[in-house]
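Visitor: I am new to this structure, and I would like a close look at one part of it, taken slowly. Please choose a single place and show me what surrounds it.

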There are 2 protein chains.
Amino acid sequence: MGTVTCIAPVNIAVIKYWGKRDENLLLPINDSISVSLDTEQLCAKTTVMMSQHFKEDCIWLNGNKENINNPRLQKCLTEIRKRAKLTNELMDWKLHICSENNFPTGSGLASSAAGYACLALALAKLYKIEGDISTIARVGSGSACRSTIGGFVRWHMGSCENGNDSIAKQIAPASYWPEMRILILVINDQKKKLSSAVGMKRTVDTSELLHYRAKYIVPERTEKIQTAIMNKDFSTFAELTMKDSNQLHALCLDSYPPIIYMNDISFAIINLIHSYNTVVNDIKVAYTYDAGPNAILYLLEKDMPQLVAILDHYFPPDNNNLDSYKRGIPIETEQLSQDLLEKIDSKVQEPGKIKYMIHTTVGDGPKYLESPKDHLLNDQGLPIRLTSPLV
Amino acid sequence: MGTVTCIAPVNIAVIKYWGKRDENLLLPINDSISVSLDTEQLCAKTTVMMSQHFKEDCIWLNGNKENINNPRLQKCLTEIRKRAKLTNELMDWKLHICSENNFPTGSGLASSAAGYACLALALAKLYKIEGDISTIARVGSGSACRSTIGGFVRWHMGSCENGNDSIAKQIAPASYWPEMRILILVINDQKKKLSSAVGMKRTVDTSELLHYRAKYIVPERTEKIQTAIMNKDFSTFAELTMKDSNQLHALCLDSYPPIIYMNDISFAIINLIHSYNTVVNDIKVAYTYDAGPNAILYLLEKDMPQLVAILDHYFPPDNNNLDSYKRGIPIETEQLSQDLLEKIDSKVQEPGKIKYMIHTTVGDGPKYLESPKDHLLNDQGLPIRLTSPLV
């Protein structure tokens, strides 16, 4: 019997992955670049256990037993078992998998990337697999390959038909640019959301512009932002990040039927950031949006006190929610000058449009937790925490 | 002394004009196709008068005296005087111009196209100019060239440097497809709006995708929609109209900083239309959006009673505003089946999100009004109606 527990980060792309060239192997139509967030604030945690006593493979997600026959999960397991270095006897043992996120599900924060990265890493250790693990995570959820690595990460699209060269590699560790900060703004939104898998398939099938982007625009942008990261050139990094987020959502809108992930509050944040950058005559903050209305802001540590004060002014929190409004690394806000507020061209929103914010930083990537108290499964291979009673 | 009064229609593009190749001559980077609306519901009306007694050129717009030195207006006057067929003596006479719209300004309905078309046509008659007038309207406001003609209209981008072949021509008159109806949904919106002139310049300067669209996508779409019009093939017409509207707004979003004209209600209408078309398994309605949040819907006469009943259900009018909510051609709404409402995947909005609607049809284009009682200027060349007192 063996047990492995691992945590893996959420990653936020600055050059976006949108579109697959192979739906089965989850091979992308362009390279992408992301930042892995500190697991202290946001992470998936997974315990995997194999035992001769288990009757069948089982999985629990956030305290609920889920269907082990989920096709993406099965693809990961197949890939793992293909590369396993175990004896035949051990290969027959069944698996129990238990996974949790340390952040609310349904917040619109992508959890599948962290989850599949964590699963791939935990299983890789359990099955004694060596070498690149990102390709295993990738067949579960494309962008999960980027969550297998810390710091600034590039997912190389590759060119092999079998996907063996479609892997994630580190550009620079978190410590390379320690001033970088991330502020996640979770937006209140009732709208049902189209999954990014369905969304990107629709864009690939219906937007001619997407193919132009993948072929001609992304290659240049990817090189430029990688150079900006290496030079710690924040304003170039920020400008490219914003342009690439806008282009992703432009191509969603160019799809048929159109896909709309952002809402009026997302757009109001975009306008506020541009107005703020214009007033301070510098690009101090960048926004990026994934398949939902939540804004993820990149900025340097020194600019956080002013930025959060501005957000508090234009997007006041709901008074009933003040305790849990600011999460993550504590933030000192600064007193804003009247002059700055007068120059910013934005309107004060009704309270509560931003549900809460999470302040985090770039993280070192996944970690194996060796202490038995960290395991999510008990000695019998059953979840320690359950949301619904065990059936 | 001579007096001419003319009315000209608003036109709504189905293949959009977005981007100039020449900012001075207002030459576009692609062909566009539009529908001229019936002047009964929406039009500009202009009276022009020349007299040896006038001291200087003057203009009144919607009852207010405006600056005659407006550069676009001056370009029109220069163009007119260049092509005039008058004696030298008459050419020295000064002009009085008075123009009004029969629809509320500030509604976000583009009035400059109708206005410049009307001005060009009125002046052309006064100055005895023959041949194409659309090029004169064009130098005032690009899309105004399309409002000089009724029915279904194509603005050919042309290739001459002097713009002489960048002209509008009729594809088919209004009577060719008499079942076509237009429903304008005026949306409540407080947001300051970026003018389309500034917006398209920003897109030309910053969106690489725009140039791909102009070169590779629009030429094919233009031919296809022209064929759809000639075949009265509504579903092809509708699909291309929606795709082109979405692409225009996609390219606005791909601009830097991004331009956002639509809002949550615009997007909710888009989603409703797609859901409705899916449920009825046919493309019965198309939406299109210009540089603002108002939806313009194209549909056939027979589908109007059901569509308006659906709009009344999902976007209920404000009770305080029922009298002026439905404008233009009267609409009989039908009783909706519960089955249809259950299948449509949309949510009922709070009342008043749509301010009012205007039901209209394709129109015959501009008209000269010969009766003296139609003139907007009196015998002294002064406006009959004034908003602010004459200074």
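Guide: Helices here are DSSP runs of H or I with at least four residues, numbered from the N terminus. The model is predicted, and the place I have chosen is the loop of chain A that runs between α7 (234-253) and α8 (264-279), where P257(A) lies. The peptide bond that leads from Y256(A) to P257(A) is cis, with omega near -10 degrees. Most peptide bonds are trans, which gives a reason to pause at this one.

Chain B has a counterpart to look at, for P257(B) lies in the loop between α7 (234-253) and α8 (264-279) of that chain, and a cis peptide bond, with omega about -10 degrees, joins Y256(B) to P257(B). Y256(B) also leads us to the interface, where chain B and chain A bury about 2,700 Å² between them, 66% of it on carbon and sulfur atoms. Together with L209(B) and L253(B), Y256(B) supplies 24% of the area that chain B buries against chain A, more than any other three residues. Each chain brings 30 residues to this contact, and the rule finds 0 salt bridges across the interface.

Returning to chain A, we can follow the loop onward into α8(A), whose axis comes within 12 Å of that of α9(A) (residues 304-314) and crosses it at roughly 130 degrees; the two helices are therefore oblique to each other, and the crossing is right-handed. On the side of α8(A) the contact is made by L272(A), I273(A) and Y276(A), while α9(A) offers Q306(A), L307(A), I310(A), L311(A) and Y314(A). Sorted by class, the contact of α8(A) with α9(A) has 7 nonpolar residues, 1 polar residue and no charged ones.

For another helix pair in chain A, one may turn to α1(A) (residues 71-83) and α3(A) (residues 112-126), whose axes come within 10 Å and cross at roughly 25 degrees. Angles under 35 degrees count as roughly parallel, and α1(A) and α3(A) are therefore described in that way. Here R72(A), L73(A), C76(A), L77(A) and I80(A) of α1(A) meet Y116(A), L119(A), A120(A), L123(A) and A124(A) of α3(A), a contact with 9 nonpolar residues, 1 charged residue and no polar ones.

The loop between α3 and α4 (134-140) of chain A holds K128(A), which has a positive phi of about 55 degrees although it is not a glycine.

Notes:
Residues are numbered from 1 along each chain as its sequence is written. Chains are lettered from A and ligands numbered from 1 in the order in which they are written. This is a predicted model: local features need pLDDT of at least 70, side-chain atom pairs count only at pLDDT 80 or more; totals for chains, interfaces and linings use all residues. Side-chain values use heavy atoms; hydrogens and water are left out. Axes are lines fitted to C-alpha atoms, for helices over the stretch in contact, and angles run from 0 to 180 degrees between N-to-C directions. Angles under 35 degrees count as roughly parallel, over 145 as roughly antiparallel, 65 to 115 as roughly perpendicular and the rest as oblique. Contact means heavy atoms within 4.5 Å. Ala, Val, Leu, Ile, Met, Phe, Trp, Tyr, Cys and Pro count as nonpolar, Asp, Glu, Lys and Arg as charged, and the others, Gly among them, as polar. Buried area is the accessible area (1.4 Å probe) that two parts lose on being put together, summed over both. A salt bridge is a side-chain nitrogen of Lys or Arg within 4 Å of a carboxyl oxygen of Asp or Glu. A crossing is left-handed if the near helix is turned anticlockwise from the far one by less than a right angle, and right-handed if clockwise.
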